[in-house]
Each structure stands twice: as C-alpha cells, then as structure tokens.
Amino acid sequence: MSNEELMRRYITGDRFVAEAGIEILEVTPEKAVVGAKIEDRHLNANNCVQGGMLFTVADFAFAVLENALHPITVTQMGTISYITAARTDYVTATAYERVRSGHNCVCEVIVKDAGGRTVCVCQFNGFIKEEKPEAQK
C-alpha cells in the first residue's frame, strides 16, 4: 500500500478535516499537497478565506506529510504569516519537511490560491511518537 493510500485511510478519522472539505491531492517522500474548495462557510466578514481555514489547510498538509514519513507525529507548534487576502474558490497547501532530529521535525507549508499566488507561509514543529496508527498496522 502506498504512503498516499495509507494516509487516506488514516485521515478518514479526522472529522474536522472532512467537515471543512479538505482533501489529500498528493503524498510523496518529499512533499504532501492538500486542497479545499472554498465555500461561503469558509469566508470571513470581508469575503476573504477565513484565517482559521487557511491555518487548518496548512496544519493538515503538515499532518499528512509527517505522518506518512514518521507515524505518529503530532503538532507541537505552528506559526502562520498571512501574505495577502485569499479571495479565491480553491486553496492548496504544500508541506515540505525541512529538518528531522530525534523525535522532532520542522515542516514548511506554503498555501496558494487558485491562481497560484502565495497567500500564507507556515512553519510547524512536530513531535514524532514513532508508533504506527491503527490503520497502518
């Protein structure tokens, strides 16, 4: 079973991600890409994608990549830098692992709008528990 198939099986238990409409687009040893169709429920009062939705998409991309590489990894800390307002009907987040040391990892995530513009950049630090999730046993 491929990493992508394993992650799809594992992530089916994430009800918040499912309700938000976020899906896995690609998983390789180098990166994970997730995306979400933006609906009215994802917009803030300024008709831009709500910052919490952007952070959720980024956090999910981090979770997909790191759990594919190092089951089980959990977020310890996440930061987000909003670059421009996201007025779009679709967003993607691409995660890249930058460092792994012992039980820690650092991941950069770039979130883009449907036109390919970077709307925010995130960094996540994770703790690697090194246990396989039930779906991967």
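**Legends to close-up views of the predicted model**

With 137 residues, the protein chain would have a radius of gyration near 14 Å if it formed a compact globule, and its value of 14 Å agrees with this. The model is predicted.

**Figure 1. Overall fold of the protein chain, with 3 helices and 6 strands.** Read from the N terminus, the order of elements is α-α-β-β-α-β-β-β-β. Along the principal axes, the C-alpha atoms occupy a box of roughly 45 × 25 × 20 Å. Of the contacts between residues at least 6 apart in sequence, 64% bring together residues that are at least 24 apart. Buried residues account for 41% of the 137 residues.

**Figure 2. Surface and charges of the protein chain.** The exposed area of the protein chain is about 7100 Å², and carbon and sulfur atoms contribute 48% of it. The chain carries 14 positive and 18 negative charges, and the mean positions of these two groups lie 1 Å apart.

**Figure 3. A cluster of rings formed by Phe55, Phe62 and Phe124.** A pair of aromatic rings is described by the distance of the centres and the angle of the planes. The search of the whole structure returns 2 aromatic pairs. In the pair of Phe55 and Phe124, the ring centres are 5.4 Å apart and the planes meet at 55°, an arrangement classed as tilted. This pair connects distant parts of the chain, with Phe55 in helix α3 (residues 51-69) and Phe124 in strand β6 (residues 118-128), 69 residues apart. Phe55 is partly exposed, since its relative accessible area is 26%. Phe124, by contrast, counts as buried because its relative accessibility is 0%. The pair of Phe62 and Phe124 is stacked, with 5.2 Å from centre to centre and 20° between the planes. Here too the pair joins distant parts of the chain: Phe62 belongs to helix α3 and Phe124 to strand β6, with 62 residues separating them. Phe62 and Phe124 are both buried.

**Figure 4. Surroundings of Phe62 in helix α3.** Phe62 has a relative accessible area of 1% and is therefore buried. Apart from neighbours within four places in sequence, Phe62 touches Thr73, Val74, Thr75, Ala95, Cys105, Cys107, Val109, Phe124, Asn125 and Gly126. Val74, one of these contacts, is 12 residues from Phe62 along the chain, and the two C-alpha atoms are 9.3 Å apart. Phe124 is also among the contacts, and its ring forms the stacked pair with that of Phe62.

**Figure 5. Surroundings of Thr94 in strand β4 (residues 90-101).** Thr94 is buried because its relative accessible area, 14%, falls under the 20% limit. When neighbours within four places in sequence are set aside, the contacts of Thr94 are Lys31, Ala32, Val33, Glu108, Val109 and Ile110. Val109 is listed among the contacts of Thr94 and also among those of Phe62.

**Figure 6. Arg117 in the loop between β5 (104-113) and β6.** Arg117 counts as partly exposed because its relative accessibility is 41%. Beyond neighbours within four places in sequence, Arg117 makes contact with Thr84, Ala85, Val111 and Lys112. Thr84 is 33 residues from Arg117 in sequence, while the C-alpha atoms of the two residues are 8.7 Å apart in space.

**Figure 7. Backbone geometry at Asn47 and at the bond between Pro71 and Ile72.** Most residues other than glycine have a negative phi, and most peptide bonds are trans. Asn47 is not a glycine, yet its phi is positive, at about 60°. Asn47 is situated in the loop between β2 (32-37) and α3. With a relative accessibility of 52%, Asn47 counts as exposed. The peptide bond joining Pro71 and Ile72 is cis, with omega about -15°. Ile72 is placed in the loop between α3 and β3 (73-82).

Technical notes. Residues numbered from 1 in each chain as written. Predicted model: local features only at pLDDT ≥ 70, side-chain atom pairs only at ≥ 80, totals over all residues. Heavy atoms only, no water. Helix = DSSP H or I, 4+ residues; strand = E, 2+ residues; numbered from the N terminus. Rg over C-alpha atoms; globule rule 2.2 N^0.38 Å. Buried < 20%, exposed > 50% of the residue type's maximum accessible area, 1.4 Å probe, protein only. Contact = heavy atoms within 4.5 Å. Areas by Shrake-Rupley, 256 points an atom, 1.4 Å probe, with all protein chains shown as cover. Lys, Arg positive; Asp, Glu negative; His and termini not counted. Charge placed at Lys NZ, Arg CZ, Asp CG, Glu CD. Phe/Tyr/Trp six-rings, centres within 6.5 Å; stacked < 30°, edge-to-face > 60°.
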